[in-house]
Amino acid sequence: MVKILSIRVVDRIKESGHTQDVLSKHASLIKLRLGFHELSEDRCSREGYILLYLRNDEEGIKNLMDDLDRIYGIELQHMNLAQEANKEHIIPVESTIAVAGLIINNRSEIVRDVQKALTAFGCTIRTRLGINEVDYGEDTGLILLELFGEHGEMNGLIKRLNNINNVSVGVISFS
């Protein structure tokens with residue numbers, strides 16, 4: 001199982017030091033860390049998001065989440081991407097940001113189908129991160145997508161990905 005933890009930092013300026021301290025304390029659990037926030041010529045958002053791809057250590061993950069829960073001003077969401085799971089996920093209309101996680105098994109056999117889906121819905125993908133590794137003796141890929149835009153388009157992408165064999169999809173959304 002792949003565990004993705006998403007952290008919404010309501011006030012990056014105020015809470016980033018506390019959050020960084022906790023993440024440093026639990027650094028051995030973190031396989032990958034991706035952070036993002038809105039940025040334009042006129043302003044830099046105080047709200048930020050951090051995605052963590054975590055090692056398979058349930059006790060360590062529980063301790064990390066407990067430490068993060070003690071920080072005022074952050075919100076936690078998580079998804080478990082199991083290879084055999086393929087559930088239908090819907091991004092609620094009230095969500096302002098959504099993250100989709102994909103586990104792709106037998107990657108070399110279905111990579112074209114996944115790429116076609118991502119290209120067809122490319123205008124809803126703001127950030128894309130792919131990781132290739134051997135997991136459970138199989139050629140496996142993990143893709144994390146920051147989604148935005150029209151909810152029907154985002155949900156259309158999720159539905160199309162769910163219809164591809166050997167792809168497990170998870171969704172995290174924040175309102």
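pLDDT is the predictor's confidence in each residue, on a scale from 0 to 100. I start there because this is a predicted model, and where pLDDT is low, the predicted coordinates should not be read in detail.

So, how does the protein chain score? Its mean pLDDT is 84. Of its residues, 87% reach 70 or more. Which element has the lowest confidence, and which the highest? Strand S2, residues 30–39, is lowest, with a mean of 79. Helix H2 is highest, at 94. Keep H2 in mind. We will come back to that helix.

Now the overall layout. The protein chain has four helices and eight strands. Read from the N terminus, the order is β-α-β-β-α-β-β-α-β-β-α-β. There are 175 residues in the chain, and 48% of them are buried. Next, the contacts. Take pairs of residues at least 6 apart in sequence. Of those contacts, 75% join residues that are at least 24 apart.

Here are two examples of residues that are far along the sequence from each other. Start with Asp 57. This residue sits in the loop between strand S3, residues 44–54, and H2. Asp 57 is partly exposed, with 34% relative accessibility. Count along the sequence to Leu 29 and you cover 28 residues. In space, the two C-alpha atoms are 7.4 Å apart.

The second example is Gly 152, in helix H4. Gly 152 is partly exposed as well, at 43% relative accessible area. Its partner here is Ile 91, which is 61 residues away along the chain. Their C-alpha atoms are separated by 8.8 Å.

Ile 91 turns up again at my next stop, Ser 173. You will find Ser 173 in strand S8, residues 167–174. What does Ser 173 touch, beyond its neighbours within four places in sequence? The contacts are Gln 77, Ile 91, Pro 92, Ser 95, Ile 97 and Ala 98. Look at Ser 95 in that list. The side chains of Ser 173 and Ser 95 make a polar contact, at 3.2 Å.

On to charges. Side chains of opposite charge can pair when their charged atoms come close. How many salt bridges does a search of the whole structure find? Five. I will show you three of those pairs, with Lys 25 and Asp 67 to begin. Their closest N and O atoms are 2.9 Å apart. Why care about this pair? Lys 25 belongs to helix H1, residues 12–25, while Asp 67 belongs to H2, residues 58–69, so the bridge ties together parts 42 residues apart in sequence. The two ends also contrast. Lys 25 is exposed, at 58% relative accessible area, whereas Asp 67 is buried, at 13%. Buried means under 20%, so 13% falls inside that limit.

Asp 67 has another bridge, to Arg 70. There the closest N and O atoms are 2.4 Å apart. Arg 70 is exposed, at 62% relative accessibility. Put the pieces together, and Lys 25, Asp 67 and Arg 70 form a linked network of salt bridges.

The third pair is Asp 66 with Lys 62, with closest N and O atoms 2.8 Å apart. Both residues lie in H2. They are four residues apart, about one turn of the helix. Asp 66 counts as partly exposed, at 27%.

Now the rings. How many aromatic pairs does a search of the whole structure find? Zero. There is still a ring to look at, though. The charged end of Arg 126 sits over the ring of Phe 148. The distance to the ring centre is 4.2 Å.

One last residue, Asn 166. Its phi is positive, about 70 degrees, although Asn 166 is not a glycine. Where is Asn 166? In the loop between helix H4, residues 151–162, and S8. Asn 166 is partly exposed, at 34% relative accessible area.

To recap, take away the network of Lys 25, Asp 67 and Arg 70. Find Ser 173 in S8, and its polar contact with Ser 95. And remember that the model is predicted.

Terms used:
Residues numbered from 1 in each chain as written. Predicted model: local features only at pLDDT ≥ 70, side-chain atom pairs only at ≥ 80, totals over all residues. Heavy atoms only, no water. Phe/Tyr/Trp six-rings, centres within 6.5 Å; stacked < 30°, edge-to-face > 60°. Lys NZ or Arg CZ within 6 Å of the ring centre and 35° of its normal. Helix = DSSP H or I, 4+ residues; strand = E, 2+ residues; numbered from the N terminus. Polar contact = N/O pair within 3.5 Å; in protein donor to acceptor, adjacent residues only side chain to side chain. Contact = heavy atoms within 4.5 Å. Salt bridge = Lys/Arg side-chain N within 4 Å of Asp/Glu carboxyl O. Buried < 20%, exposed > 50% of the residue type's maximum accessible area, 1.4 Å probe, protein only.
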